[in-house]
Amino acid sequence: MSALDNIRVVLVNSAHPGNIGGAARALKNMGLSQLYLVAPREFPAANAIWRAAGAADLLESAVVVDTLEDAVADCGLVVATSARERRIPWPLLTPRECGERAVAEAASHPVALVFGREDRGLTNEELQACNFHVHIPANPEYSSLNLATAVQVLAYEVRMAALEAEQGAPISYADWDRPPAKASDMELYYEHLQQALGELGFIDPDNPRQTMTRLRRLFSRVRPDDMELGILRGMLTAIQNYIHRTGGKGRPDS
């Protein structure tokens, strides 16, 4: 995760200090810490601190410069956020590709992610000073993103790329406290289930129609673990014991 320390977010001519604070919060959420501000209209500001919540330390350490050139002078990779409609196409990245490339290159040199003004983005000259452009594919009918929201999107992709690089595999939360039930145990459960449903009067044991097929599909989709399967078997046994104890045949005739 040390690559995150070599990735900076650059905000150009931000008009609203609240957006600067929101961007700082987005960075800290994702483990980034370098914030550069190019000629902000109002900074420092109380509204920026308020919007930053627990990320005021990033505002205190923010680097304020006069030009974009000053902000990225030592960077080996500079990526600018941009709409796709340009007369001369520039190498374009998706947010995911941007995160992956930023993390990969941050191991050897500083990387800058550049965000433009709230009302009109970056100028053509500023865009042409960057190696790549990144486009966030928002809803085309309402594609204008709040500045801090755009920062959050790219910061998230950067963090996901860093976590994947650290672990050597895509991030997954597939860990579970118990192993899945074995196929052979599932077959015993289906036999038990059909028997219990027959005794309950829910199905005709000689003609269950598609009920058992659909129940199989249900449990195949759920994939219970071994303990869950044991609970289900115990429930069926309790139902059968009740039926046998009371001499009933399941649900009463209507």
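Tutor: Two strands pair if DSSP finds at least two bridges between them; helices (H or I, at least four residues) and strands (E, at least two) are DSSP runs, numbered from the N terminus. The model is predicted: local features need pLDDT of at least 70, side-chain atom pairs count only at pLDDT 80 or more, and totals for chains, interfaces and linings use all residues. Residues are numbered from 1 along each chain as its sequence is written, and side-chain values use heavy atoms, leaving out hydrogens and water.

Student: In what order do the seven strands of the open sheet stand?

Tutor: The pairing in this sheet is parallel. Its seven strands run in the order β3-β2-β1-β6-β4-β7-β5.

Student: Which strands stand at the edges?

Tutor: Look for a strand with a single partner, so that one side is left without a neighbour in the sheet. Two strands fit, at residues 63–65 and 92–93. They are β3 and β5.

Student: Which residue of β6 stands opposite Leu11?

Tutor: Strand β1 (residues 7–12) pairs with β6 in the parallel sense, over five bridges. Strand β4 (residues 77–81) also pairs with β6 in the parallel sense, over four bridges, and there Ala80 has Val114 as its bridge partner. Opposite Leu11 is Phe115.

Student: How many residues of β6 are buried?

Tutor: Buried means under 20% relative accessible area, exposed over 50%, partly exposed in between (1.4 Å probe, protein chains only). Val111, Leu113 and Phe115 point one way from β6, Ala112 and Val114 the other way, and all are buried. So for β6, residues 111–115, the strand is mostly covered and the buried count is five of five.

Student: Which strand does α1 run at about 160° to?

Tutor: Angles run from 0 to 180 degrees between N-to-C directions, and axes are lines fitted to C-alpha atoms, for helices over the stretch in contact. Helix α1 (residues 17–29) lies across β1 and β2. Helix α7 (residues 147–167) packs on the sheet too, touching β1, β4, β6 and β7 (contact: heavy atoms within 4.5 Å), at about 155° to the direction of β6. For α1, the strand at about 160° is β2.

Student: Are α1 and α7 roughly parallel or roughly antiparallel?

Tutor: Their axes are 8 Å apart, at an angle of about 15°. Under 35 degrees counts as roughly parallel, over 145 as roughly antiparallel, 65 to 115 as roughly perpendicular and the rest as oblique. Therefore α1 and α7 are roughly parallel.

Student: Is the crossing of α8 and α10 left-handed or right-handed?

Tutor: Helix α8 (residues 183–200) packs on α10 (residues 226–246) at about 25°, with axes 10 Å apart. A crossing is left-handed if the near helix is turned anticlockwise from the far one by less than a right angle, and right-handed if clockwise. Contact residues include Leu188 and Tyr189 of α8, with Leu232 and Leu236 of α10. This crossing is left-handed.

Student: Why is Cys75 not bonded to Cys130, and how far apart are the sulfurs?

Tutor: A disulfide is a pair of cysteine sulfur atoms within 2.5 Å, and this structure holds zero. Cys98 is in none either, as its nearest cysteine sulfur, in Cys130, is 11 Å away. Cys75 counts as buried because its relative accessibility is 15%. Its sulfur is too far from that of Cys130, its closest, for a bond: 10.0 Å.
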